[in-house]
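I have opened a fresh notebook page for this one. I want to look up the charged pairs before turning to the nonpolar interior.

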Amino acid sequence: MLFETEVKAQTFMRFNNEEIESVNGYAPIRSYFCNVCCGWHLTSKMGEAYISPKTEKVLEEYETAKRLKAERKALKLVQEKEKKEILLKIICIAENNIKIMEFSSGSKYAALFDETVTLLEKIKSIKANFKGSNQRKRQIGIKLSLLAEKFRNSRESLM
């Protein structure tokens with residue numbers, strides 16, 4: 001027999017078990033949901049492993065996908081934060097090198113200049129930004145260009 005709800009199946013079983021047992025020799029002991037017809041049936045067999053309906057399986061898969069998406073988003077945010085922190089450190093080092101170069105000359109200047117050019121290349125390769133980072137990147141580039149000109153002029157005056 002097919003029942004629309006579990007309550008209807010249980011009610012039928014409660015009121016008709018004695019008559020069913022007298023006719024068949026056994027009576028239903030539980031109701032179960034049928035995935036095939038999407039209705040409730042009665043059985044005299046002991047409970048088997050619960051087989052979840054397709055809807056529950058789809059919902060479980062949806063929840064899993066939703067959780068994985070949230071985890072990926074959280075990981076991406078952490079990675080972005082780490083990139084921004086690294087970018088800030090490199091920008092600060094480059095700015096400090098430029099301040100030192102503005103007041104130095106000779107071999108120390110050349111080494112700092114080369115290091116700062118390398119840092120600027122790293123800064124440009126990092127795909128992250130924070131408030132004011134683009135302006136600071138431009139300033140580093142401009143100051144390096146001016147310092148390169150100063151470096152060339154000081155080398156020419158020594159020759």
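**Entry 1: a pair within one helix.** In which helix do E71 and R67 lie, and how many residues apart are they? I noted beforehand that I am working with a predicted model. I looked up both residues and found them in helix α2, which covers residues 54–101. They are four residues apart, about one turn of the helix. Their side chains meet in a salt bridge, with 3.2 Å from N to O. I then checked accessibility: E71 has a relative accessible area of 43%, and R67 comes to 44%. I wrote E71 down as partly exposed, because its value falls between the 20% and 50% limits. R67 is partly exposed as well.

**Entry 2: another pair in α2.** Next I followed E80, which forms a salt bridge with K83. Here the closest N and O atoms are 3.9 Å apart, so the pair falls within the 4 Å cut-off. Both E80 and K83 belong to helix α2, three residues apart, again about one turn of the helix. My accessibility notes read 26% for E80 and 35% for K83. That makes E80 partly exposed, and K83 is partly exposed too.

**Entry 3: a pair between helices.** Which residue does R136 form a salt bridge with? I found E95, with the closest N and O atoms 2.8 Å apart. R136 lies in helix α4 (residues 133–158) and E95 in helix α2, so this pair ties together parts that are 41 residues apart in sequence. I have R136 at 24% relative accessibility, partly exposed, and E95 at 25%, also partly exposed. For my tally, the count of salt bridges comes to four, and the pairs above are among them.

**Entry 4: the nonpolar core.** With the charges noted, I moved inward. In soluble globular proteins, nonpolar side chains tend to be buried together. How many residues does the largest nonpolar core have here? I read off 19 residues. Those with the most contacts inside this core are I98, M101, F113, I123, I140, L144 and L147. Helices α2, α3 (107–125) and α4 each supply at least two residues of the core.

**Entry 5: around L147.** I picked L147 for a closer look, and asked which residues it touches. Leaving out residues up to four places away in sequence, I listed I98, M101, E102, Y109 and F113. Of these, I98, M101 and F113 also appear among the core residues with the most contacts, so I have marked them beside L147 on my page.

How values were computed:
Residues are numbered from 1 along each chain as its sequence is written. This is a predicted model: local features need pLDDT of at least 70, side-chain atom pairs count only at pLDDT 80 or more; totals for chains, interfaces and linings use all residues. Side-chain values use heavy atoms; hydrogens and water are left out. Buried means under 20% relative accessible area, exposed over 50%, partly exposed in between (1.4 Å probe, protein chains only). A nonpolar core is a set of buried Ala, Val, Leu, Ile, Met, Phe, Trp, Tyr and Cys residues joined through side-chain atoms within 4.5 Å. Contact means heavy atoms within 4.5 Å.
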